[in-house]
Amino acid sequence: MARLRRTARRDPAREAERTLFFASDLHGSETCFRKFVAAAAFYRADTLVLGGDLSGKQVVPIVAAGSDRWTAEVHGERRDLRTAELDGVERSARAAGLYPRRMEPDEYAGYAADPATLGRLFDEVVAATLRRWVRYAQAKLADTGVVIYSIPGNDDPPVVDDVMRAESDERFRFVEGEVVEVAPGHEMLCTGYTNVTPWRTHREYSEEEIAARLRSLTGRLSSPGSAIFNVHVPPFDSGLDTAPLLGAGLEVRTAAGGQLPGPVGSTAVRAAIEEHQPLLGLHGHIHESGGIVHIGRTTVVNPGSEYGEGILRGVLLTVGGGRLLRHQAVCG
């Protein structure tokens, strides 16, 4: 007689759980982006959330100097290079979020003489890098159910939106200004709107404009209490927005012989969290102020960023049934 095998009973609550891996502020670091994609398998995450500031900070011209020689300035240091060294120098630059570009002396002189052409070059290399990143992620995740949700940050020029929207598919979704469901009963509102900074970056808005943006998104939520706010800038005076305060000339303000820190986050974001009390707030922007705090019942995270060292900081979050079940800050 054939023996009957007992089948394990399926747990409906467990099936509704989803584990998210959240990171932000990669700033062009090739190393950090590859680690971000690998996090899906390494941490067994169902969903990857990328919180803005994908772009690097600058182009590094590598200028031909005749025969087998080149010159470059990396981190303020002039380097004389041989052709055989270039691949290694370029890999190191990309790992640190820089954009190396080989060029002839006349091309370099043209960029130095005309800042507008340098701006177009920056957009060009940002676009090329992001296309490569998105296609890399799509290939790596092709046979999985993992989805990447990405928003821009204040350091991302408009070309980021153009490239991301053009390249988006079922594996890599650009979700600026959208509300998406990331787990059964858990919606995530998404925006890279950022308050005004001393640096005059690409998508800075007044607190009134940020408040209006958030009202338009929260109005589309079915259940704000189980929702996730994925907003690049952290809430004001949350402990996740502490940075050195700057003077009118962009100099770091000091007191008692040390840097004077203070809150630089968004009052509109804080007000929205206090009003709606979402389940989670996912933020970045202030690299040196990583942590996990609570505003009322809302768990609010900023993983921080050490992209320049090739270190990926992130937070694992498991949600289900309207609750945050587990969370853990990780890095590597």
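Modeller: Two strands pair if DSSP finds at least two bridges between them. Helices (H or I, at least four residues) and strands (E, at least two) are DSSP runs, numbered from the N terminus. This is a predicted model: local features need pLDDT of at least 70, side-chain atom pairs count only at pLDDT 80 or more, and totals for chains, interfaces and linings use all residues. Residues are numbered from 1 along each chain as its sequence is written, and side-chain values use heavy atoms, without hydrogens and water.

Colleague: What is the strand order of the open sheet of 6 strands?

Modeller: The pairing in this open sheet is mixed. Its 6 strands follow the order E9-E10-E13-E18-E20-E19.

Colleague: Which strands stand at the edges of the sheet?

Modeller: An edge strand here has a single partner, so one side of it is left without a neighbour in the sheet. That holds for residues 179-183 and residues 291-295. These are strands E9 and E19.

Colleague: By how many degrees are neighbouring strands of this sheet turned against each other on average?

Modeller: Axes are lines fitted to C-alpha atoms (for helices over the stretch in contact), with angles from 0 to 180 degrees between N-to-C directions. Here direction is ignored, and the average turn is 25 degrees.

Colleague: Which residue in E20 is the bridge partner of Ile292?

Modeller: E19 pairs with E20, residues 298-302. They run antiparallel over 5 bridges. Ile292 has its bridge partner in E20 at Val301.

Colleague: Which strands does H8 lie across?

Modeller: Take H7 for orientation: it lies across E9, E10 and E13, at about 155 degrees to E10. H8 runs at about 175 degrees to E13. The strands H8 lies across are E13, E19 and E20.

Colleague: Which residues in H8 meet H7?

Modeller: The axes of H7 (residues 207-218) and H8 (residues 267-276) come within 8 Å and cross at roughly 35 degrees. Contact means heavy atoms within 4.5 Å. From H7, Glu207, Ile210, Ala211, Leu214 and Thr218 take part. Their counterparts in H8 are Thr267, Ala268, Val269, Ala272 and His276.

Colleague: Which residue takes a positive phi in the hairpin of E3 and E4?

Modeller: E3 (residues 59-64) and E4 (residues 69-74) are antiparallel, with 3 bridges. Val63 stands opposite Thr71. The hairpin has 4 residues between the strands, and the positive phi, near 95 degrees, belongs to Gly66.

Colleague: Which residue has a positive phi in the turn between E4 and E5?

Modeller: E4 and E5 (residues 77-82) run antiparallel, joined by 6 bridges. Arg69 has its bridge partner in Arg82. With 2 residues between the strands, the turn has a positive phi of about 55 degrees at His75.
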